[in-house]
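Work through the following exercises with the sequence and the model open. Each task is followed by a solution in steps.

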Amino acid sequence: MSVGHIFVILIPIFFVIILGFLGGHFKVFSPASSKGLNTLVTKFALPAHLFIGITTTSKQTLIEKWPFFMTMFLGIIGFYVIMLLIMRLVFRMDLNTSSIFSLNSTQPSFAFMGIPVLGSLFGAAEVAIPIAITGIVVNALLDPIATIVSSVGKKTQASSQQDGEHQNLFKLTIHSILHGLREPLACVPLIGVVLTLLGFHAPQLLQDSLDQIGDITSGAALFAIGVTIGLNRIKLSGSAISISVLKVIGLPLLTLAFAAMLGLSSDDVTMAVLLVSFPGSAVAAMIATRFETLEVETASSFVLSSILSLISLPILISLLL
């Protein structure tokens, strides 16, 4: 694919992001209204879009995506674990800080950029399942794992009583897993996968109904990214820059290695690598705020990785296609 063609695809996408940025920068949107926009996309529009994409796919096609799931699992969870160990053992960060740093170095904004970018390259119907698989790995596995690890770190710092700590840790583990599965971006695709494997095919009336909300996904998601960037200030710290570089370069390289190892098709390799190469996730930054750890750094890395993706995405697309 020529560089000119790549920019023809990406320019409209970044145009909408810039519009959102202006809305955030000039305070047309407040943090509260930005959160509402993010909620619309992640809890309603995108889950509806993915559900229809999955339940209009054949059972055999879904089964054939097992290697893709393993690639995303090994790439995303593997990168988090590797970074966690490096931060903890090499840089001697405490467990909570190591977890937050690793999570923000790993989690991509696949929910916001997957449909418009990959849809432009492969068609919206072809990318629904890969995006749904990524959603299950991130929301049902990565976020709960990071939450548990950070909570353990917090408890260790607070020097809780040992007996109570073990009991609370068990409850925390169950709660975090259930919370992750309750997220629409995890449970709705998962339900769609189960139904499809049982032979369900969405009827036309259901497709038309869910498309009413699902069709707004691309524009609303991109605009939401821009608003979030516009509302945040950049602090060029070493941590923020490191998180951004690891996010847009380190994780894609590891995922590419696993994709090649598992023998994915060229299209699946491209989708897997691009899905993890998108900018850092606002959700991961919110988890940092929840634990009051690296808050400014993670918010800044979200902005920096978005800027870096202007360079990295065209390069990756030209190399992979």
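**Exercise 1. Positive phi outside glycine**

Task: determine whether K27 is buried or exposed, then find its place and its phi.

Solution. Step 1: K27 is exposed, because its relative accessible area is 59% and exposed means over 50%, buried under 20% and partly exposed in between (1.4 Å probe, protein chains only). The model is predicted: local features need pLDDT of at least 70, side-chain atom pairs count only at pLDDT 80 or more, and totals for chains, interfaces and linings use all residues. Residues are numbered from 1 along each chain as its sequence is written, and side-chain values use heavy atoms, with hydrogens and water left out.

Step 2: K27 sits in the loop between α1 (3–25) and α2 (31–55). Helices here are DSSP runs (H or I, at least four residues), numbered from the N terminus.

Step 3: the phi of K27 is positive, about 65°, although K27 is not a glycine. Most residues other than glycine have a negative phi.

Task: do the same for L294, and say whether it is buried or exposed.

Solution. Step 1: L294 also has a positive phi, about 50°, and is not a glycine. Step 2: L294 belongs to the loop between α14 and α15. Step 3: L294 is buried, because its relative accessible area is 17%. In that region E292, which follows α14, has a positive phi near 55°.

**Exercise 2. Two helices joined by that loop**

Task: classify the packing of α14 and α15 from their axes.

Solution. Step 1: the axes come within 8 Å and cross at roughly 170°. Axes are lines fitted to C-alpha atoms, for helices over the stretch in contact, and angles run from 0 to 180 degrees between N-to-C directions. Step 2: α14 is therefore roughly antiparallel to α15; the classes are roughly parallel under 35 degrees, roughly antiparallel over 145, roughly perpendicular from 65 to 115, and oblique for the rest.

Step 3: A282, A285, A288 and T289 of α14 meet E295, T298 and F302 of α15, where contact means heavy atoms within 4.5 Å. Step 4: the residues of this contact divide into 4 nonpolar, 2 polar and 1 charged. Ala, Val, Leu, Ile, Met, Phe, Trp, Tyr, Cys and Pro count as nonpolar, Asp, Glu, Lys and Arg as charged, and the others, Gly among them, as polar.

Step 5: in α14 (residues 282–290), the buried residues include A282, A285 and A288. An α-helix has 3.6 residues a turn, so residues three or four places apart point the same way.

**Exercise 3. Two further helix pairs**

Task: at what angle do α11 and α15 cross, and with which hand?

Solution. Step 1: the axes of α11 (residues 217–231) and α15 (residues 295–320) come within 9 Å and cross at roughly 125°. Step 2: α11 is therefore oblique to α15. Step 3: the crossing is left-handed, meaning that the near helix is turned anticlockwise from the far one by less than a right angle; clockwise would be right-handed. Step 4: I225, T228 and I229 of α11 make the contact with F302, V303 and S306 of α15. Step 5: by class, this contact of α11 with α15 has 4 nonpolar, 2 polar and no charged residues.

Task: repeat the analysis for α4 and α13.

Solution. Step 1: α4 (residues 66–90) and α13 (residues 266–277) pack at about 30°, with axes 11 Å apart. Step 2: α4 is therefore roughly parallel to α13. Step 3: their crossing is right-handed. Step 4: F68, T71, M72 and I76 in α4 meet D268, M271, A272, L275 and V276 in α13. Step 5: by class, the contact of α4 with α13 has 7 nonpolar, 1 polar and 1 charged residues.

**Exercise 4. The core**

Task: which residues of the largest nonpolar core touch the most other members?

Solution. Step 1: a nonpolar core is a set of buried Ala, Val, Leu, Ile, Met, Phe, Trp, Tyr and Cys residues joined through side-chain atoms within 4.5 Å. Step 2: among the 75 residues of the largest one, M72 and M113 touch the most other members. Step 3: helix α7 (residues 124–158) gives the largest share of this core, 11 residues. Step 4: not counting residues up to four places away in sequence, M113 touches residues including I13, F14, I225 and L313.
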